[in-house]
Amino acid sequence: TFVFLQETQSEAQETAKDTIDAQQKDAESSINMEFAYNGTEGHTIFSLRNTGDSTIKLEDDEQKQLSLFVNGRPVGDSGAGWEYTTSSISPPVTLDPGQTKNINTTKKFPGKSTSQVLKVSGPKGTEDAHNCYNSGSNSC
């Protein structure tokens, strides 16, 4: 009985340690939408940077792990509506600490003196929002 209790206690401690380690990794994860601009096709494109300390998986086996919302509405189903600006990117897609990827929202850039709110939600509880106001230039 004593050995069984020791094994059970040991397993519980390992599980608790694994849970804490995973939570710490999640806490070290963050993303930032650095800027947005009018792409060549008239779509809003933004730069997404990993500002955290751990790698973030954006796409796994062609399933996008990053959700994009424009003015509160999802872009595509499970991220299907947005795309990377570099066509040579293939799954799995990760964003290493400090790395940036450009994302094409496939939505029209806002007209002059109007705005659109961009929001991304990613794995590990990461998210960011950007109010893209067009003051007459090609960036916001």
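Let me start with a term: helices (H or I, at least four residues) and strands (E, at least two) are DSSP runs, numbered from the N terminus. Two strands pair if DSSP finds at least two bridges between them.

Now the ground rules. This is a predicted model, where local features need pLDDT of at least 70, side-chain atom pairs count only at pLDDT 80 or more, and totals for chains, interfaces and linings use all residues. Residues are numbered from 1 along each chain as its sequence is written, and side-chain values use heavy atoms, with hydrogens and water left out.

Start with the hairpin of β1 and β2. There are 4 residues between the strands, and Gly42 there takes a positive phi near 85 degrees. Strand β1 covers residues 31-38, and 6 bridges join it to β2 in the antiparallel sense. One partnership to find: Ile31 has Asn50 of β2 as its bridge partner.

Stay on β2. This strand also pairs with β9, residues 100-108, again antiparallel and over 6 bridges. Look for Ser47, whose bridge partner in β9 is Asn102.

How many of the 8 residues of β2 are buried? Buried means under 20% relative accessible area, exposed over 50%, and partly exposed in between, with a 1.4 Å probe and protein chains only. The count is 7 of the 8 in β2, residues 43-50, so the strand is largely enclosed by the rest of the structure.

Next, a sheet. Here 3 strands run in the order β4-β3-β8, as an open sheet with antiparallel pairing. Its edge strands are β4 (63-64) and β8 (93-95), each pairing on one side only. Strand β3 spans residues 56-60, and 3 bridges join it to β8. Glu59 is bridged to Val93 in β8. As background, strands of a sheet pair through backbone hydrogen bonds, either parallel or antiparallel.

Now Gln116. This residue lies in strand β10, residues 115-121. Gln116 counts as buried, because its relative accessibility is 5%. What does Gln116 touch, not counting residues up to four places away in sequence? Contact means heavy atoms within 4.5 Å. The list includes Thr44, Val70, His130 and Cys132. With Thr44, the side chains share a polar contact of 2.5 Å. That term means a pair of N or O atoms within 3.5 Å; within protein, one must be able to donate a hydrogen and the other to accept it, and residues adjacent in sequence count only if both atoms are side-chain atoms. Also, Gln116 and Tyr133 are 17 residues apart along the chain, with their C-alpha atoms 6.6 Å apart.

Cys132 leads us to the disulfide, meaning a pair of cysteine sulfur atoms within 2.5 Å. A search of the whole structure finds 1. Cys132 is joined to Cys140, S to S 1.7 Å. The link is left-handed, with -80 degrees about the S-S bond. Cys132 counts as buried because its relative accessibility is 0%.

Last stop: the rings. The structure holds 2 aromatic pairs. Trp82 and Tyr84 have ring centres 5.2 Å apart and planes at 85 degrees, so this pair is edge-to-face. For the cut-offs, rings of Phe, Tyr and Trp (its six-membered ring) pair if their centres lie within 6.5 Å; planes under 30 degrees apart count as stacked, over 60 as edge-to-face and the rest as tilted. Trp82 is buried at 1%, and Tyr84 is buried at 11%.

Where does the charged end of Lys64 sit? It sits over the ring of Trp82, 4.1 Å from its centre. The charged end of Lys64 also sits over the ring of Tyr84, 5.9 Å from its centre. Here, "over" requires NZ of Lys or CZ of Arg within 6 Å of the ring centre and within 35 degrees of the ring normal.
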